[in-house]
Amino acid sequence: MIIAPLHPLRLTGLLLAGWLIAGFAGPVEAKEEPLFSVDFARTQLVDGVYQLNAGIRYQLSPALSDALHNGVALVFEVQVDVHRVRAWWLDAHVATVVQRYRLEYHALSRLYLVTHLNTGVQHSFFRFSSVLAFLGELEALPLMDASLLNRESQYDGRLRARIAVDALPLPLRVRAYLSPDWSPVSDWYTWSLR
């Protein structure tokens, strides 16, 4: 069996076709997971007050982690909006609840200090993974009084988590406005309030 060599023009055509196919397909990139994401959120009525339970997954970018371990306090913000669902018009905004937590690292004691800025309550941790787990578990957070809601209407809650850029030192705020590594924010998570 004799194999004839390819003609130079035919070889060039095959190479060009392969290059075009590879060019249109583009490089295969793995989709990056967001730094902050809400896993779940739900409410329960306890003694006439809707309480929120939620799970949030936090991961810091290398830039934020370096800033934290070099003395920059980070403020984590959890925003909750409540809307009355309307069929023929935009949903009506009912309430907004914001919970803020300041995270600091003390190099001398090697402790992480979390301060709930709404209440002033502080917690300290030795391990960073414990800090992120603590921040990510919202349990029985009072959301709103049931008497403020109309019994015949349907209400939705939506929640997102983010780093509060306005709490960063001024030189870092510019970076935060320009780079998502400095200002991570989760997508909104929506659920039925009742």
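Analyst: Before reading any residue here, fix one term: a residue is buried when its relative accessible area is under 20%, exposed when it is over 50%, and partly exposed in between, using a 1.4 Å probe and protein chains only. This is a predicted model, in which local features need pLDDT of at least 70 and side-chain atom pairs count only at pLDDT 80 or more, while totals for chains, interfaces and linings use all residues. Residues are numbered from 1 along each chain as its sequence is written, and side-chain values use heavy atoms, with hydrogens and water left out.

User: How do I read a helix in these terms, and which residues of helix H2 are buried?

Analyst: An α-helix has 3.6 residues a turn, so residues three or four places apart point the same way. Helices (H or I, at least four residues) and strands (E, at least two) are taken as DSSP runs, numbered from the N terminus. In H2, residues 62-69, the buried positions are Leu64, Ser65, Ala67 and Leu68. Viewed down the helix axis they fall within an arc of 160°, so they line one face of H2, the arc being that of the directions from the axis to the C-beta atoms.

User: What do the buried residues of H2 pack against?

Analyst: Contact means heavy atoms within 4.5 Å, and by that criterion they pack against strands E3 (74-84), E4 (92-106), E5 (111-116) and E8 (155-163), as well as against helix H3 (128-135). H2 lies across E3, E4, E5 and E8 and runs at about 55° to E4; for such angles, axes are lines fitted to C-alpha atoms, for helices over the stretch in contact, and the values run from 0 to 180 degrees between N-to-C directions.

User: How should I read a sheet, and what is the order of the six strands in the open sheet?

Analyst: Strands of a sheet pair through backbone hydrogen bonds, either parallel or antiparallel. Two strands are counted as paired if DSSP finds at least two bridges between them. The six-strand open sheet has the order E6-E5-E4-E3-E8-E9, with antiparallel pairing. E6 (122-125) and E9 (189-192) stand at its edges with a single partner strand each, so one side of each has no neighbour in the sheet. The twist averages 20° from one strand to the next. Within this sheet, E4 and E5 are joined by six bridges, and Arg102 stands opposite Thr115 in E5.

User: How do I read aromatic contacts, and how many aromatic pairs does the structure hold?

Analyst: Rings of Phe, Tyr and Trp (its six-membered ring) pair if their centres lie within 6.5 Å, and planes under 30 degrees apart count as stacked, over 60 as edge-to-face and the rest as tilted. The structure holds six aromatic pairs. One of them joins Phe36 and Tyr58, edge-to-face, at 4.8 Å centre to centre with 90° between the planes. Phe36 lies in strand E1 (residues 36-46) and Tyr58 in strand E2 (residues 49-58), so the pair ties together parts that are 22 residues apart in sequence. Phe36 is buried, at a relative accessible area of 1%, and Tyr58 is buried at 7%.

User: Why is the pair of Tyr105 and Tyr112 called tilted?

Analyst: The ring centres of Tyr105 and Tyr112 are 4.8 Å apart and their planes stand at 45°, so the pair is tilted. Returning to the opening term, Tyr112 counts as buried, with 7% relative accessibility.
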